[in-house]
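Trainee: I would like a close look at a single part of this model, taken slowly and with the numbers kept in view. Could you walk me through one region and the contacts around it?

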Amino acid sequence: ADIELCNKHDASGEPVADLHVRYAALHGTNIDADIIPRLIDEIPVITAAAVMAEGTTVISGAQELRVKESDRLKVICSEFGKLTDAITEKEDGLIIKGGSIFKTAQCDSCNDHRIAMSLAILGAAGAGVSIENPDCVNISYPTFYKTLEELRK
């Protein structure tokens, strides 16, 4: 993305800003153990973005994902893998080949809200998806599907 910080200031001793975000082409990248603690919960949606990027993304040092609401590395590979063959599981992460072909599939959220939301994004970007246990998103974003549908308009 092309992200611009506007209206930078401090609020209650913390730096804040408005973000002006514009479209930019996505490119593959390497995400390693040094940054993983700061984005561990974002790996499912980062994977969805990486599938749509140009090039390959490699995620390493993310073994903590195996002990979240689900074994997210395994679930990402098995469930996202029903939509695309772009994802390979590693012991501590993933290899994601961008620009892959999408297919329609029935996928299980494994009752994990981050997995459900990421599957929905992949389905919206690709050929469609039917998600088992979709309501698990209510734990963090009850209006997620409504927001996604509004964005698709």
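Mentor: What follows is a look at the start of helix α4 and the charged residues around it. Please keep in mind throughout that this is a predicted model, and that each distance and accessibility below is computed from it.

Helix α4 spans residues 113–125, and His113 lies in it. With a relative accessibility of 7%, His113 counts as buried, because the cut-off for that class is under 20%. Leaving aside residues up to four places away in sequence, His113 touches Glu69, Arg72, Cys136, Val137, Ile139 and Ser140. One of these neighbours, Ser140, also makes a polar contact with His113, in which the two side chains are joined at 2.7 Å.

Another of the residues that His113 touches, Arg72, leads to the charged part of the picture. Asp112 and Arg72 form a salt bridge whose closest N and O atoms are 2.8 Å apart. Asp112 sits in the loop between β7 and α4 whereas Arg72 belongs to helix α3, so this salt bridge ties together parts of the chain that are 40 residues apart in sequence. Both partners, Asp112 and Arg72, are buried.

Arg114 brings in a further link, since its salt bridge with Asp41 has its closest N and O atoms 3.5 Å apart. This pair connects distant parts of the chain, with Arg114 in helix α4 and Asp41 in the loop between α1 (36–39) and α2, 73 residues apart. Arg114 has a relative accessibility of 25% and therefore counts as partly exposed, and Asp41, at 24%, is partly exposed as well. Taken together, Asp41, Arg72, Asp112 and Arg114 are linked in a network of salt bridges, while a search of the whole structure finds nine salt bridges.

It remains to place Arg72 in its own helix. Helix α3 covers residues 72–80 and is mostly covered, with seven of its nine residues buried. Those buried residues are Arg72, Leu73, Val75, Ile76, Cys77, Glu79 and Phe80, so the list includes charged as well as nonpolar side chains. What covers the buried residues of α3 includes helix α4 itself, along with α2 (43–52) and the strands β5 (87–90), β6 (93–97) and β7 (105–108). Helix α4 thus appears twice in this account, as the element that holds His113 and as part of the cover over α3.

Technical notes. Residues are numbered from 1 along each chain as its sequence is written. This is a predicted model: local features need pLDDT of at least 70, side-chain atom pairs count only at pLDDT 80 or more; totals for chains, interfaces and linings use all residues. Side-chain values use heavy atoms; hydrogens and water are left out. Helices (H or I, at least four residues) and strands (E, at least two) are DSSP runs, numbered from the N terminus. Buried means under 20% relative accessible area, exposed over 50%, partly exposed in between (1.4 Å probe, protein chains only). A polar contact is a pair of N or O atoms within 3.5 Å; within protein, one must be able to donate a hydrogen and the other to accept it, and residues adjacent in sequence count only if both atoms are side-chain atoms. Contact means heavy atoms within 4.5 Å. A salt bridge is a side-chain nitrogen of Lys or Arg within 4 Å of a carboxyl oxygen of Asp or Glu.
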